[in-house]
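Have the fold on screen and a few minutes to spare? Let us walk through it together, one region at a time.

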Amino acid sequence: MEKSLKKFRVAVIGCGRVSVMHFVSIEMCKDVELVACCDIKKDRADAFAEKYGVKSYVSYEDMIANENLDAVHLCLPHYIHCKVATYAMERGVAVLTEKPMDVDFETAEKAVLFAEEKGVQFGVISQCRYNNSAKLVKKAVESGKLGKIISARSILTWSRSDEYYSGSDWKGTWDKEGGGVVIDQAIHSIDLVHWIVNSEVEKVSCSMANRGHEIVKVEDTAEGLITYKNGVRYSFYCMNNYGIDEPIEIRLYCENGRVVFGYDDAYIYYNDGTVEEAHQNENTVEYEGGKDYWGFQHEKQIRQFYNALAGKEPLEISGREALNTHRLIMDIYEIGKRSM
């Protein structure tokens with residue numbers, strides 16, 4: 001049953017770089033009212049509070065206690081995602097968190113089980129699934145038009161300097177970020193392939209190295225082979241020692257054709273000579289200060305989150321759904337760290 005037409009009272013916890021994607025998207029949702037924001041760095045919270053005309057907090061506990069919230073958005077360091085999520089859900093507040101769910105599998109799984117036990121909505125951002133390119137490929141696979149996927153590959157070559165890491169007190173750490181290029185940059189391309197293949201993992205083979213960074217110990221390079229129970233073999237390569245952020249490239253080799261796609265464009269070349277393609281429409285959402293590699297689909301996923309909270313449709317990327325990719329990321333690290 002749909003809830004009443006009252007506006008959901010929501011707040012953002014964590015006012016770092018990616019939070020702009022949430023502030024802007026919340027404002028675009030007509031059934032949602034932003035009432036507060038929180039950051040342990042008071043100046044950052046105050047700046048967003050002034051810009052959006054809401055209350056500013058340095059304590060998420062105080063904010064949740066005082067604001068009668070329906071939902072919170074988490075834009076926090078990875079290692080406290082589930083800690084803060086569980087605190088909110090324990091008090092009946094729905095949660096939408098940025099990826100990854102946390103820095104280990106057990107903590108993430110406990111948070112999902114807790115949400116299900118409490119009957120509280122728990123969503124995880126995977127905005128790239130809402131790209132036109134990804135949706136076209138997913139549909140072509142699910143419809144059977146492409147036939148069985150035989151193999152897949154993804155390549156990511158981006159740029160993250162030592163200065164990128166030195167500007168943060170948690171980036172590039174095993175205990176707070178959970179790793180480097182895999183969990184921070186390549187997680188989205190790995191998620192897309194994993195989502196499209198839609199099968200249980202049989203085996204993960206992976207190696208990792210830090211080849212170009214002096215001030216961090218996490219991996220800046222990783223490659224591996226993921227074998228699925230449905231027979232698909234997925235090879236991935238990612239590194240952040242390149243000079244610029246090149247567009248990611250994902251390829252699928254299927255019974256009835258082959259696919260080449262990234263965040264913006266997709267081309268499906270069928271064996272009968274026909275071609276399907278999809279392109280990202282001209283962006284109509286302006287995320288001031290947002291990064292191009294974040295894409296422009298936060299608004300779509302956040303709108304879907306609130307449609308689900310209102311009872312209009314099922315939640316598409318729940319904690320339970322996101323746990324599938326999170327398990328794979330953690331398995332990649334378990335195997336890959338042995339080579340470092």
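A polar contact here is a pair of N or O atoms within 3.5 Å, where one must be able to donate a hydrogen and the other to accept it. Please keep in mind that this is a predicted model.

**Around Ser-59**

With that definition in hand, start at Ser-59, which sits in the loop between strand S3 (55–57) and helix H3 (60–67). Its relative accessibility is 16%, so Ser-59 counts as buried. The side chain of Ser-59 makes a polar contact of 3.0 Å with the side chain of Glu-61. A polar atom of the Ser-59 side chain also lies 3.1 Å from the backbone nitrogen of Asp-62.

**Other loop residues**

Arg-160 is a good one to visit next. You will find Arg-160 in the loop between strand S7 (149–157) and helix H7 (162–166). Is Arg-160 buried or exposed? At 6% relative accessibility, Arg-160 counts as buried. Its side chain is joined to that of Asp-245 by a polar contact of 3.1 Å.

Asn-230 belongs to the loop between strand S9 (221–228) and strand S10 (233–239). This residue counts as partly exposed, with a relative accessibility of 31%. Setting aside neighbours within four places in sequence, Asn-230 is in contact with Lys-148, Val-197 and Ser-199. With Val-197, the side chain of Asn-230 reaches the backbone oxygen at 3.5 Å. For a sense of scale, the C-alpha atoms of Asn-230 and Arg-9 are separated by 44 Å, and the two residues are 221 residues apart along the chain.

Lys-41, in the loop between S2 and H2, is partly exposed, with a relative accessible area of 39%. Lys-41 and Gly-14 are 27 residues apart in sequence, while their C-alpha atoms are 9.0 Å apart in space.

Here are the accessibility values of these loop residues side by side.

| Residue | Relative accessibility | Class |
|---|---|---|
| Ser-59 | 16% | buried |
| Arg-160 | 6% | buried |
| Asn-230 | 31% | partly exposed |
| Lys-41 | 39% | partly exposed |

**Helix H1**

Now turn to helix H1 (residues 19–28), which is mostly covered, as eight of its ten residues are buried. Those buried residues are Ser-19, Val-20, Met-21, His-22, Phe-23, Val-24, Ser-25 and Ile-26. What do the buried residues of H1 pack against? Their partners are strand S1 (8–13), strand S2 (32–38), helix H2 (42–52), strand S4 (71–74) and helix H9 (298–309).

**The cysteines**

How many disulfides does the structure hold? The count is zero. A disulfide needs two cysteine sulfur atoms within 2.5 Å. For Cys-15, the closest cysteine sulfur is that of Cys-37, and because the two sulfurs are 4.2 Å apart, they are too far for a bond. Cys-15 is buried, at 3% relative accessibility.

Cys-128 tells a similar story: its sulfur is 14 Å from the closest cysteine sulfur, in Cys-238, which is too far for a bond. Cys-128 is buried too, with a relative accessible area of 3%.

**Pocket and cavities**

Finally, let us look at the empty space. Rolling a probe the size of a water molecule over the atoms shows where such space is left.

The largest pocket has a volume of about 1000 Å³. Its lining is made up of 43 residues, and those nearest its centre are Gly-16, Cys-75, Leu-76, Pro-77 and Trp-170. H3, helix H4 (81–90) and helix H8 (181–197) each supply at least two residues of this lining. By residue type, the pocket lining divides into 19 nonpolar, eleven polar and 13 charged.

There are also two cavities of 30 Å³ or more, and the largest cavity holds about 110 Å³ of space. The largest cavity is lined by 13 residues, with Lys-99, Ser-126, Ile-187, Ala-322 and Thr-325 closest to its centre. H8 and helix H10 (319–336) are the elements that give two or more residues to this cavity's lining. The lining of the largest cavity comprises six nonpolar, four polar and three charged residues. H8 therefore appears in both places: H8 supplies at least two residues to the lining of the largest pocket and two or more to that of the largest cavity.

Terms used. Residues numbered from 1 in each chain as written. Predicted model: local features only at pLDDT ≥ 70, side-chain atom pairs only at ≥ 80, totals over all residues. Heavy atoms only, no water. Buried < 20%, exposed > 50% of the residue type's maximum accessible area, 1.4 Å probe, protein only. Helix = DSSP H or I, 4+ residues; strand = E, 2+ residues; numbered from the N terminus. Contact = heavy atoms within 4.5 Å. 1 Å grid on protein atoms, 1.4 Å probe; cavity = no way out; pocket = protein on both sides within 12 Å on 5 of 7 lines; lining within 4 Å. Points joined across faces, edges and corners; volume = space filled by probe spheres on them. Nonpolar A, V, L, I, M, F, W, Y, C, P; charged D, E, K, R; others polar.
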